[in-house]
Amino acid sequence: MLGIVAAVLFFIAFLINAADIGTNDVFSSVNIMLLGLIALALHVAGIGPGWSRRR
């Protein structure tokens, strides 16, 4: 789930950067990309909802 969130955040950051949309400092493409990296790191670490093996 966090992997999908990271992909969406990366896509939004790409659109902001490619369209050269002027945003304030909070919603800049770099900040959204960093949020995507955090979500991706949490996904790789195994934190968050996802497939789990139950015994």
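Here is a quick briefing on a small set of features in this structure, starting with the overall picture and then taking the helices in turn.

What you're looking at is a predicted model. The protein has 55 residues, and 15% of them count as buried. Its fold elements are quickly listed: two helices and zero strands. The helices are H1, covering residues 2–18, and H2, covering 29–45.

**The surface overall**

- The protein exposes about 4600 Å², and carbon and sulfur atoms supply 69% of that area.
- One nonpolar surface patch takes up about 530 Å², and the residues making it are Val-30, Met-33, Leu-34, Leu-37, Leu-40 and Val-44.

**Helix H1**

- H1 has 17 residues, which at 1.5 Å a residue should span 24 Å, and its end C-alpha atoms are indeed 24 Å apart.
- Its buried residues are Leu-2, Ala-6, Ala-13 and Ile-16.
- Look down the axis of H1 and those buried residues fall within an arc of 85°, so they line one face of the helix.
- An α-helix has 3.6 residues a turn, so residues three or four places apart point the same way.
- Over on the other side of H1 you'll find Ile-4, Phe-14 and Ala-18, which are exposed.
- Just after H1 comes Asp-20, which has a positive phi, near 55°.

**Helix H2**

- H2 also has its length checked: 17 residues reach 24 Å from the first C-alpha to the last, close to the 24 Å expected at 1.5 Å a residue.
- Ser-29, Ile-32, Gly-36 and Ala-39 are the buried residues here.
- Seen down the axis of H2, these buried residues fall within an arc of 85°, so they line one face of the helix.
- Turned away from that buried side is a face carrying the exposed residues Ile-38, Val-44 and Ala-45.
- H2 is followed by Gly-46, whose phi is positive, near 90°.

**How the two helices meet**

- The buried residues of H1 pack against H2, and the buried residues of H2 pack against H1.
- Gly-3 sits in H1, while Val-44 has its place in H2.
- Gly-3 and Val-44 are 41 residues apart in sequence, yet their C-alpha atoms are 8.1 Å apart in space.
- A second pair to look for is Val-5 and Leu-40: they are 35 residues apart along the chain, with 8.1 Å between their C-alpha atoms.
- Val-5, like Gly-3, is found in H1.

**Three residues to click on**

- Gly-3 is partly exposed, because its relative accessible area is 23% and buried means under 20%.
- Val-5 counts as partly exposed too, at 34% relative accessibility.
- Val-44 has a relative accessible area of 68%, so it is exposed, the cut-off for that being over 50%.
- Val-44 turns up in several places: it is part of the nonpolar surface patch, it is on the face of H2 turned away from the buried side, and it pairs with Gly-3 across 8.1 Å.

**If you only have a minute**

- Start with H1 and find Leu-2, Ala-6, Ala-13 and Ile-16, its buried residues.
- Then go to H2 and find Ser-29, Ile-32, Gly-36 and Ala-39, which are buried there.
- Finish on the surface with the nonpolar patch, whose members include Met-33 and Leu-37.

Terms used
Residues numbered from 1 in each chain as written. Predicted model: local features only at pLDDT ≥ 70, side-chain atom pairs only at ≥ 80, totals over all residues. Heavy atoms only, no water. Helix = DSSP H or I, 4+ residues; strand = E, 2+ residues; numbered from the N terminus. Buried < 20%, exposed > 50% of the residue type's maximum accessible area, 1.4 Å probe, protein only. Areas by Shrake-Rupley, 256 points an atom, 1.4 Å probe, with all protein chains shown as cover. Expected span 1.5 Å × (residues − 1). Arc of directions from axis to C-beta. Contact = heavy atoms within 4.5 Å. Patch = residues over 30% accessible without salt bridge, like charges linked within 9 Å, V, L, I, M, F, W, Y side chains within 5 Å. Salt bridge = Lys/Arg side-chain N within 4 Å of Asp/Glu carboxyl O.
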